[in-house]
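Reader: Please take a close look at the charged side-chain pairs, and follow them into the parts of the chain around them. How exposed are the partners, and what else do their surroundings contain?

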Amino acid sequence: MKRTAESVTEGHPDKVCDQIADGILDACLKQDPDAHTAIEVMASKNTLMIAGELSQGVRESGAVNLVTIARQVVREIGYTSEETGLDADRCNVLTNVNVQSADIAGAVSKAATSETAKWQAGKVRCKWLPPEGVDPGEHRRVPHVGAGDQGVMIGYATDETPELMPMPFVLATKLVQRLAAVRKNGTLPWLRPDGKSQVTMTYDDAGNPERIDSVVLSAQHDPAVDLPELQQALMEAVVLPVIDAERITATTALRINPSGRFVIGGPLGDTGLTGRKLMVDTYGSIARHGGGAFSGKDPTKVDRSGAYMARYVAKNIVGCGLAKRCEVSLAYAIGLEQPEMVAINTFGTARVAEHKIARMVEEVVSFSVADIIEGLQLRQPIYRETAAYGHFGRDVFPWEKVDELASVQK
């Protein structure tokens with residue numbers, strides 16, 4: 001059985017848009033941790049278009065300068081002239097961002113007031129500081145936060161890598177991270193920001209990664225460098241430091257810039273749009289994906305927060321040895337705080353009965369929207385970093401911790 005995953009650099013036009021959208025989200029959360037955002041960005045040639053909605057207070061304050069944020073993100077990626085794909089300082093930036101619909105805002109926060117906040121029995125997840133004299137292990141104050149939309153969210157984990165992610169995805173991601181690193185540190189100064197990778201692997205009958213069938217690496221470059229020089233340099237500076245030589249066999253296909261010349265890149269070569277790299281954001285097509293994209297959305301949008309929580313639970317199940325593989329599926333209805341569905345699938349790899357795993361999760365994890373936001377610290381301005389090189393598999397994010405079920409098992 002073969003499995004393939006791809007990844008792209010931060011300079012890919014779709015990822016440029018994701019990073020601008022999440023840069024705006026971070027700026028809004030710095031102004032107001034309860035801000036609601038739904039930002040979409042489009043990039044075409046030397047023009048950026050920013051549209052969407054913000055909560056009324058942030059929109060009317062004018063404290064978040066969308067144009068300044070967009071230019072800063074583009075500059076930090078490395079697009080500083082139109083010939084490279086986009087000019088951070090001279091590109092056109094068009095904006096059409098409005099106040100969030102009152103209907104949606106009301107569905108999300110209609111009960112989030114001191115009068116309607118409620119007390120309920122506490123679980124391990126998401127403890128609030130209680131009033132004096134109340135045992136923090138027994139009770140906590142939980143404001144109502146309704147889901148910002150309906151949808152299905154998927155989380156996945158596998159023990160085939162230390163990151164508990166599919167190996168082809170991990171390798172594809174590391175290749176583009178390395179590609180960006182050697183561009184920025186001057187090792188290969190003729191590289192430009194756009195690039196992508198793809199790794200195909202054969203798995204054995206037990207579902208374990210066995211060998212690499214092909215590696216594809218495409219890198220935007222200065223027109224002065226010729227193809228043989230580029231291919232040799234990328235092999236030595238990018239591929240070999242990332243790919244374990246033992247997994248490269250005589251039959252492994254190594255395809256570096258297979259199309260040849262790749263000078264025109266970024267938004268100059270291809271239109272970018274938020275939310276178009278769903279598999280790059282998640283598990284590289286090796287696991288399922290729910291219906292929604294992530295970037296530009298505040299954590300009341302369960303497309304994002306629900307997917308983070310599903311990954312958190314799946315990773316804890318695998319990380320504490322309850323299963324070798326796990327998929328967690330959640331479904332929400334707009335305006336309601338509790339999920340319509342919580343489903344766990346271990347693909348026959350569970351080391352204890354699957355219904356016992358489900359019961360353990362039910363006992364220690366709360367899937368209410370408010371609990372997810374609080375427990376995973378999703379009001380913090382952490383989202384720009386998620387918008388390139390994947391939302392999962394990097395320990396810098398709170399949903400990547402293995403702590404919940406492990407603490408229960410001890």
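Author: One scale is needed from the start: a residue is buried when its relative accessible area is under 20%, exposed when that area is over 50%, and partly exposed in between. The model is predicted.

Glu210 has a relative accessible area of 43% and is therefore partly exposed. Its partner Arg211 is partly exposed as well, at 32%. The two side chains form a salt bridge, with 3.5 Å between the closest N and O atoms. The cut-off for such a pair is a side-chain nitrogen of Lys or Arg within 4 Å of a carboxyl oxygen of Asp or Glu. By this rule the structure has 22 salt bridges.

Another of these pairs is Glu83 with Arg192, at 4.0 Å from N to O. Glu83 sits in the loop between β4 (80–81) and β5 (86–87), while Arg192 belongs to strand β10 (residues 191–203), so this salt bridge ties together parts that are 109 residues apart in sequence. The partners fall into opposite classes: the relative accessible area of Glu83 is 57%, so Glu83 counts as exposed, whereas that of Arg192 is 9%, so Arg192 counts as buried.

Arg192 also leads to a cavity. The structure holds two cavities of 30 Å³ or more, and the second largest contains about 40 Å³ of space. Arg192 is one of the residues that line this second cavity, alongside Thr9, Leu179, Ala180, Arg183, Leu191, Pro193, Asp194, Ala219 and Gln220. Two or more lining residues come from each of α5 (167–184), β10 and β11. Strand β10 has the largest share, with four residues. By class, the lining divides into five nonpolar, two polar and three charged residues.

Strand β11 takes the path onward. Spanning residues 209–221, β11 pairs in the parallel sense with β12 (residues 253–256) over four bridges. Within this pairing, Val215 of the one strand stands opposite Leu254 in β12. Between the two strands the chain passes through helix α6 (residues 227–242), and the resulting β-α-β crossover is right-handed. Past β12, Arg261 lies in the loop that runs to α7 (266–269). Arg261 has 62% relative accessibility and so counts as exposed. The C-alpha atoms of Arg261 and Asp226 are 8.3 Å apart in space, although 35 residues separate these two in sequence.

A further salt bridge has a shorter listed distance: Glu400 meets Lys315 with the closest N and O atoms 2.9 Å apart. Glu400 is in the loop between α11 (369–375) and α12 (404–409), and Lys315 is in helix α9 (residues 302–319), so the pair ties together parts that are 85 residues apart in sequence. Glu400 and Lys315 are both buried. They are also members of a network of salt bridges, in which Arg311, Lys315, Asp395 and Glu400 are linked.

Helix α9 leads in turn to the other cavity. The largest cavity holds about 60 Å³ of space. Its lining consists of 13 residues, and those nearest the centre are Ile154, His289, Gly290, Phe294 and Ala307. At least two lining residues come from α9, and the same holds for β9 (151–158). The strand β9 gives the most, three residues. Six of the lining residues are nonpolar, five are polar and two are charged.

Elsewhere in the chain, there is an open sheet of four strands in the order β6-β3-β2-β13, with mixed pairing. The edges are β6 (92–99) and β13 (272–273); each has a single partner strand, so one side of each is left without a neighbour in the sheet. The partner of β6 is β3 (residues 47–54), and these two pair in the parallel sense over eight bridges. In that pairing Ala51 stands opposite Asn96 in β6.

To return to the request, the pairs differ in exposure. Glu210 is partly exposed, and so is Arg211. Glu400 and Lys315 are both buried. In the remaining pair, Glu83 is exposed and Arg192 is buried.

Conventions
Residues numbered from 1 in each chain as written. Predicted model: local features only at pLDDT ≥ 70, side-chain atom pairs only at ≥ 80, totals over all residues. Heavy atoms only, no water. Pairing = 2+ DSSP bridges. Right-handed = clockwise from strand over helix to strand, strands pointing away. Buried < 20%, exposed > 50% of the residue type's maximum accessible area, 1.4 Å probe, protein only. 1 Å grid on protein atoms, 1.4 Å probe; cavity = no way out; pocket = protein on both sides within 12 Å on 5 of 7 lines; lining within 4 Å. Points joined across faces, edges and corners; volume = space filled by probe spheres on them. Nonpolar A, V, L, I, M, F, W, Y, C, P; charged D, E, K, R; others polar.
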